[in-house]
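Work through the exercises below with the structure at hand. Try each task before reading its solution.

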Amino acid sequence: MLKITGYSDRVSARPGEKIKFMVNCELDSYRADIVKLICGDSSPNGPKYKEKLIRTPVNKRYKGRAQRIHAGSYAIVKSNPSLERIKNFTVQAKVWPTTPERGQQVILGKWSPRNQSGFALVVAEDGSLGLMLGSGRGKTETVSLGKAMLSRHWYMVAASWDAAKREVRLYQEPLHNYFGVKHGGSVVKKVKIAKVASNKSPFTMAALFSSKSGDRTICSSFYNGKIDSPRVCDRVLSPAEIESLKGNAIPSALASSVLAAWDFSRDITSIKISDISSRQMDGEIVNLPARGMTGANWTGVEMSWRHAAEEYGAIHFHDDDLYDAGWEVDFELTVPKGLKSGIYAARLRAGDAEEYIPFAVRPERGKEARIAFILPTIHYMAYANEHLAFNGPIAEILTGQVSVLHDTHMFLNKHREYGASLYDTHSDGSGVCYSSRLRPILNMRPKYQTQWSCFGEKDTNLREFNLDLYFIDWMERFGFDYDVVTDEDIHYEGISALEPHNVIITGSHPEYYSKQMRDAVFDFTHQGGRLMYLGGNGFYWRVALHQEIPGVIEVRRCEAAIKTWGADTGEYYHSFTGEHGGLWRHQGETEPQRLAGVGFTSEGFDISSYYRQTNDARNPRVAFMFKGISNDELIGDFGFHGGGAAGNELDRADLALGTPPNALVVATSENHTDLYMVVNEEILVNFPGGTSGPNNPLVRADMVFFETPNGGAVFSTGSIAYGASLPWNDYNNNVAKLTTNVLRRFANPKPF
């Protein structure tokens, strides 16, 4: 198991800027060094692993310490005198529990664990509504209604405390009833506790306050499910009064009694929660529970929360949500002046344990190279700490391979608090729609290997980050002067992040793009810039980045697409921005083919194939590309990823989907196996044998070239496996030759 893990507060910086590093080390001490990453493949049959030590003041030994991650989302409101003075009360909310069978979970409450004082509205041990009371002298009592709630059904729940009568009233009203199913009701119960003691602890929702640790609040008893319209009143309400508070407005007759009424349909793009009462006890959400979710009153008339926000007053909380690990800083690097742009890492070593925390160094302003490699950090966030080997029941069938589990996979399976990827589901079965980089991302590491076995003795089971490092090794090998820019930089800076360069190069799998990123790349190519898209399944999912907090992305998996979970109806719009989620292909004139000439068409994870040159390869417009390559050569019938350059996930050209009519398809792949299937969005009617590699002409990778306005151009390969063929035979091969030819021409400012 891993003994040292860490992360940084940012993934790119220019010389003179600072990066903070947070480290968890189970050993007494560790050594930190800054290294430049060149090739991340440490497998015995692959290219030689390469890194270069960079001398900096932070290169030294540090004291080790354990740092914990506290996962689980909740809402928190600072303590308020009106809540501290409360004697009698009614608390209520609309709830949609997803795991009511899992024991006590807190819906909302004000609780002090130090002296066991306060109250909390809960899902009780028996799955029904309950109220927990604390005397402040170590005595607690929980009463429950006794009829378990159904999972994924809406309830109006309320509880009242009458101090004079020592009486609790519980109301559990299903919003939908079913014949013969008794899952609601009301009850009045006497309790032994003489009084409910006050406290100065914060008011929390979806969790119970436990303690403070520095600036962090630690909670427990996390609730899974949606909460809508929570309310707190300073007296016992009648059933009619409780009913009148269900809406998004406070009745004037109850205004003086309502201490707080939170409306989650407000500030959906924010981490703020708004109290619409006169006391304005606003709060905030922690660890990013899902917002923009359909509420108890959703009618289905509108599908976008922007058009009917009052019907999206629910927040979906999860006991395994995570945004920021919240670790303390261990050391801080000021990027040295004059340090060349590239991909770097803080290398941490403690005994036999080793950890890398990668980051990009951007060029000094005014000293940019003609070539820029786009490091797809947003894509790495999407796949961060994925659990497909353990959670994907059809993974081995899908890939035709046996899972080979390494230490990282075992660690992540045991330590679920490290957070999930956008391919995982939460513990309650709902899809993970947010992913953050403010935590250790253990599969974004040099030397990391996937869980899949490989075919052929020279194959290496690398994906994502280390496949992208092949492009860095290739440019270093042929002496190209290049910079590194992250896609997150492009999101925030737009085309200005790209304009200093002549040519931009993608990684092997730039799958996740925001509108800002997509527009910047498109505008770059139409203002004379050149794009080399050297991967597959690119520009596929539309993502959003939060507008208030850094380092987190959102995806809504909707409509026809390759996906491991699907968003519920009515929840297709990003909460961060209000934009429609899903595929770029379904968003008007933003298809991947319009940007790159090719778009996702098939995936398969066993054997990679090769490209065969087409008649377009003889066109004088691409003579520069095939210099030194004979007409009859197969392109890439070799490689470190499945044995060929065309594999894993494939893109094709299609005029009907936006491929420019001036595009040349200079090569296309063939001979893919039965495990390569056409993507879902291409299938109208499913039929036996019609979707697999040997039987469907859409299963192919197209290599495409076309010119763009103002002297620009685009070259696309349409295959994730392509980059793994570059270093074959120490770069003495036709994939390296062709790609080098293209880069040299693209870097030349001479217009096309």
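The model is predicted.

**Exercise 1. Exposure of a patch residue**

Task: Classify Phe 390 as buried, partly exposed or exposed, and say where it sits.

Solution.
- Start with the relative accessible area of Phe 390, which is 32%.
- Buried means under 20%, and exposed means over 50%.
- Phe 390 is therefore partly exposed.
- Next, locate Phe 390: it belongs to helix 4, residues 388-391.
- Finally, look at the surface. Phe 390 joins Met 1, Leu 405 and Met 410 in a nonpolar patch. Together these residues have about 340 Å² of accessible area.

**Exercise 2. An open sheet**

Task: Find the order and direction of the strands in the sheet that holds strands 1, 3 and 25.

Solution.
- The order is 1-3-25, and the pairing is antiparallel. The sheet is open.
- Strand 1 (4-8) and strand 25 (331-334) are the edge strands, each pairing on one side only.
- On average, neighbouring strands are turned by 25 degrees against each other, direction ignored.
- Now take one pairing. Strand 3 (residues 18-25) is joined to strand 25 by four bridges.
- Within this pairing, Lys 20 stands opposite Glu 332.

**Exercise 3. A salt bridge across the sequence**

Task: Which parts of the chain does the salt bridge between Glu 332 and Lys 18 tie together?

Solution.
- Side chains of opposite charge can pair when their charged atoms come close.
- Here the side chains of Glu 332 and Lys 18 meet at 3.6 Å, N to O.
- Glu 332 lies in strand 25 and Lys 18 in strand 3, so the pair ties together parts 314 residues apart in sequence.
- Check the exposure. Glu 332 is partly exposed at 33% relative accessibility, and Lys 18 is partly exposed at 47%.

**Exercise 4. Two further salt bridges**

Task: Describe the setting of the salt bridges Lys 367 to Glu 364 and Glu 682 to Arg 652.

Solution.
- Lys 367 and Glu 364 meet at 3.5 Å, N to O.
- Lys 367 counts as exposed at 60% relative accessibility. Glu 364 counts as partly exposed at 21%.
- Glu 682 and Arg 652 meet at 2.9 Å, N to O.
- Glu 682 lies in the loop between strand 41 (677-678) and strand 42 (702-708), and Arg 652 in strand 39 (residues 646-652), so this pair ties together parts 30 residues apart in sequence.
- Both Glu 682 and Arg 652 are buried.
- For the wider picture, the structure holds 40 salt bridges. Arg 31, Asp 33, Glu 51 and Arg 347 are linked in a network of them.

**Exercise 5. An enclosed strand**

Task: Why is strand 28 described as largely enclosed?

Solution.
- Strand 28 covers residues 371-375.
- Five of its five residues are buried, so the strand is largely enclosed by the rest of the structure.
- In a regular strand the side chains alternate between the two faces of the sheet.
- Ile 371, Phe 373 and Leu 375 point one way, while Ala 372 and Ile 374 point the other way.
- Now find the partners. Strand 28 runs parallel to strand 30 (residues 482-486), with five bridges. Ala 372 has Asp 483 as its bridge partner there.
- Strand 28 also runs parallel to strand 31 (residues 503-505), with three bridges. Phe 373 stands opposite Ile 505 in that strand.

**Exercise 6. A helix and its span**

Task: Compare the reach of helix 7 with its expected span, then judge its burial.

Solution.
- Helix 7 (residues 465-477) has 13 residues.
- From first C-alpha to last, helix 7 reaches 19 Å, close to the 18 Å expected at 1.5 Å a residue.
- Eleven of the 13 residues are buried, so helix 7 is largely enclosed by the rest of the structure.
- Among the buried residues are Phe 465, Tyr 470 and Trp 474.
- After helix 7 comes Gly 479, with a positive phi near 75 degrees.

**Exercise 7. Positive phi outside glycine**

Task: Where do Ala 206 and Ser 221 lie, and are they buried or partly exposed?

Solution.
- Ala 206 has a positive phi near 75 degrees. Ser 221 has a positive phi near 50 degrees.
- Ala 206 lies in the loop between strand 16 (203-205) and strand 17 (208-213).
- Ser 221 lies in the loop between strand 18 (216-220) and strand 19 (225-233).
- Ala 206 is buried, at 0% relative accessible area. Ser 221 is partly exposed, at 26%.

Technical notes:
Residues are numbered from 1 along each chain as its sequence is written. This is a predicted model: local features need pLDDT of at least 70, side-chain atom pairs count only at pLDDT 80 or more; totals for chains, interfaces and linings use all residues. Side-chain values use heavy atoms; hydrogens and water are left out. Two strands pair if DSSP finds at least two bridges between them. Helices (H or I, at least four residues) and strands (E, at least two) are DSSP runs, numbered from the N terminus. Axes are lines fitted to C-alpha atoms, for helices over the stretch in contact, and angles run from 0 to 180 degrees between N-to-C directions. Patches are made of residues with over 30% relative accessible area and no salt bridge: like charges are joined within 9 Å, nonpolar side chains (Val, Leu, Ile, Met, Phe, Trp, Tyr) within 5 Å. Accessible areas come from the Shrake-Rupley method with a 1.4 Å probe; for residues, only the protein chains shown count as cover. A salt bridge is a side-chain nitrogen of Lys or Arg within 4 Å of a carboxyl oxygen of Asp or Glu. Buried means under 20% relative accessible area, exposed over 50%, partly exposed in between (1.4 Å probe, protein chains only). The expected span of a helix is 1.5 Å times one less than its number of residues.
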